[in-house]
Amino acid sequence: MFHHRHGCGWPFLLLLLLLFPFDESSLLRGQAAAADSHRVVLYPQSTRVSSIVSSKYRTAFHFQPPKNWINDPNGPLYYKGLYHLFYQYNPGSVVPGNKTWAHSVSADLVNWLRLESALDRTEPYDAKGCWSGSVTVLADGRPAILYTGADDVKNQAQCIAFPSNSSDPYLREWTKPSSNPVIRPDGPGLTPNQFRDPTTGWTGPDGQWRIAVGAELDGYSAALLYKSEDFVSWSRVDHPLYSSNSSTMWECPDFFAALPGNTSGLDLSAAIPNRAKHVLKMSLDSCDKYMVGVYDLEADKFVPDNVVDDRRLWLRIDYGNYYASKSFFDAKKGRRIIWGWANESDSSSDDAAKGWAGIQALPRTIWLDSDGSQLLQWPVEEVESLRRNETNHQGIELKKGDMFEIKGTDTLQADVEIEFEPGTMDEADAFDPSWLLNTEKHCREADASAPGGLGPFGLVVLASDDMEEHTAVHFRVYKSKHKHMILMCSDLRRSSLRSGLYTPAYGGFFEFDLEKEKKISLRTLIDRSAVESFGGGGRVCIMARVYPVALVDDRGAHMYAFNNGTTAVMVSQLKAWSMKRAQVNVKKG
């Protein structure tokens, strides 16, 4: 795939943010500053800002290599007792280019051993990069890589590689057969440099393998469908798996099946239950979107349940800094896991000074909700093995303006779970459907300091003593026709005193039956320069990158639960843990 600097969003935002006034003596449980003390504060840029070149901005338990540029996760799989993650990597620089398939393995999805690269640029057809792709386990148990090779003029073609020794659980060496490239951009309507990122393969009722390839077809976006009997000789089907005239190119397509309301995953190459749905994910507009529908076996096409012409309204995997995601069926635990890339949101010159750029978001279990209408996501359970020093609170009432400090936790490396229970839904403001067209704009306008009927309430993390720096993750509840619409925001506009950063106010909506559910959950994992949040049981996920100066200057950071809405909110449960450092690619295998 090509490099995108920022996630879905609008460029640099407002500098003003109404901050929460407080002093530490008032930070008692549910008893903080009075509501009428809110004021507008504009802090000037600090006259002295520490260098961004600090190991303290490197994450402690998110996946990243020791140095240089990374982007897309490629071909994740479980094989002979090990999880494998391949990823786009520039071995010589912190900028995109010279792409190889770097390779790491893990027994637990938390601690990773770095191996030699699996694919390097060795042939004319991949001279300009071994780009993104997938790994499929064939019927004989042998894995096969399909990846996009780019030649000297960056024409793209799909290439194949096999393990040199398939009995090696580490899959250390791979061989490119002489039959490469196996799929060229031949046929009417194709653009040679817009043809990439093959999916994991699956078999149809005729026993033949199928894959989809992201492409531009006759000027529009498409997931092209290819068939093969042996996974080496491929032929293009006369129609796409799915296409749309709403954009010009889809990168990194992903296609999988899921059972509504069942957290277990499905292997797309096994028999799929009749009531299963299919999901087609694509990367465009610098974010990952998806459709839920059915796979029509007779027509060999994906048919969405709902066709939405305006792609701004398409569902998203993540509403923050998250792109090029790739899922796989975990045969060990019978679940589907998705990986996604989060780039830096500082400048390229900052990256050059640091010597590294890019991380992967936490691996997430992904499944369909009970209605079969949207995906839900949650960090894989193995992440919880890093928890220590639990802090537990119940029954905290937050009135308007209240802030409750969460103490006893390493605020730079933390996992926080909160359940918010509004006392009454009567004060919720009315929902305007036009907000769905630009949720980030609405998060800027309805920010954490703008009181509403029900909300904002949520969590403030990585906050400096004087609140010059802080990141707010919060909810706001709106009345809709049948249920409630919940806005979730992750506001980065005051996350750092540094200049030249991309600091949006990310946001997404989810529909929620608050009358029935009573509580709205928020889980946020703080990992130094990463803030990854899951709202409403994983209905909205927001990955963010932040660089607070206070982190480097050892000034410490604070964390608060807060409510700034007119209606009081009860925190029925609050749990927080410090997170240990994982062993992530610290030694070379």
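Author: A strand, as the word is used here, is a DSSP run of type E with at least two residues, and a helix is a run of H or I with at least four residues, both numbered from the N terminus. The model is predicted: local features need pLDDT of at least 70, side-chain atom pairs count only at pLDDT 80 or more, and totals for chains, interfaces and linings use all residues. Residues are numbered from 1 along each chain as its sequence is written, while side-chain values use heavy atoms and leave out hydrogens and water.

Reader: Where is Pro181 found, and which omega goes with the cis peptide bond from Asn180 to Pro181?

Author: Pro181 is found in the loop between strand S10 (174–175) and strand S11 (190–196), and the cis bond that leads to Pro181 from Asn180 has omega near -15°. A second cis peptide bond, with omega about 10°, joins Gly455 and Pro456, and Pro456 lies in the loop between helix H2 (439–445) and strand S33 (457–463).

Reader: Why is Asn90 called buried?

Author: Buried means under 20% relative accessible area, exposed means over 50%, and partly exposed lies in between (1.4 Å probe, protein chains only). Asn90 has 2% relative accessibility and therefore counts as buried. Asn90 is found in strand S4 (residues 82–90), and among the residues that Asn90 touches are Trp69, Val95 and Pro96 (contact means heavy atoms within 4.5 Å). The side chain of Asn90 also reaches the backbone nitrogen of Gly92 at 3.1 Å.

Reader: What is noted about phi in Asp197 and in Leu462?

Author: Most residues other than glycine have a negative phi, and most peptide bonds are trans. Phi of Asp197, however, is near 65°, a positive value, and phi of Leu462 is near 50°, again a positive value in a residue other than glycine. Asp197 is found in the loop between S11 and strand S12 (202–203), whereas Leu462 is found in strand S33.

Reader: Why do Asp197 and Leu462 count as buried?

Author: Set against the cut-off already given, Asp197 counts as buried because its relative accessibility is 2%, and Leu462 counts as buried because its value is 4%.

Reader: Into which domains is the protein divided, and how many residues of each are in contact?

Author: The bounds, which come from an automatic or database domain assignment, give domain 1 (69–381) and domain 2 (389–579). 27 residues of domain 1 are in contact with 25 residues of domain 2. Together the two domains bury about 2200 Å², with 54% of it on carbon and sulfur atoms, where buried area is the accessible area (1.4 Å probe) that two parts lose on being put together, summed over both. Tyr319, Ser345 and Trp378 supply 31% of the area that domain 1 buries against domain 2, more than any other three residues.

Reader: What makes the meeting of the side chains of Arg364 and Glu532 a salt bridge?

Author: A salt bridge is a side-chain nitrogen of Lys or Arg within 4 Å of a carboxyl oxygen of Asp or Glu. The side chains of Arg364 and Glu532 meet at 2.9 Å, N to O, and therefore satisfy that rule. The count between domain 1 and domain 2 is two salt bridges. Strand S27 (residues 375–379) gives the most to the side of domain 1 that touches domain 2, with five residues.

Key. A polar contact is a pair of N or O atoms within 3.5 Å; within protein, one must be able to donate a hydrogen and the other to accept it, and residues adjacent in sequence count only if both atoms are side-chain atoms. Lists of a residue's contacts leave out its neighbours within four places in sequence.
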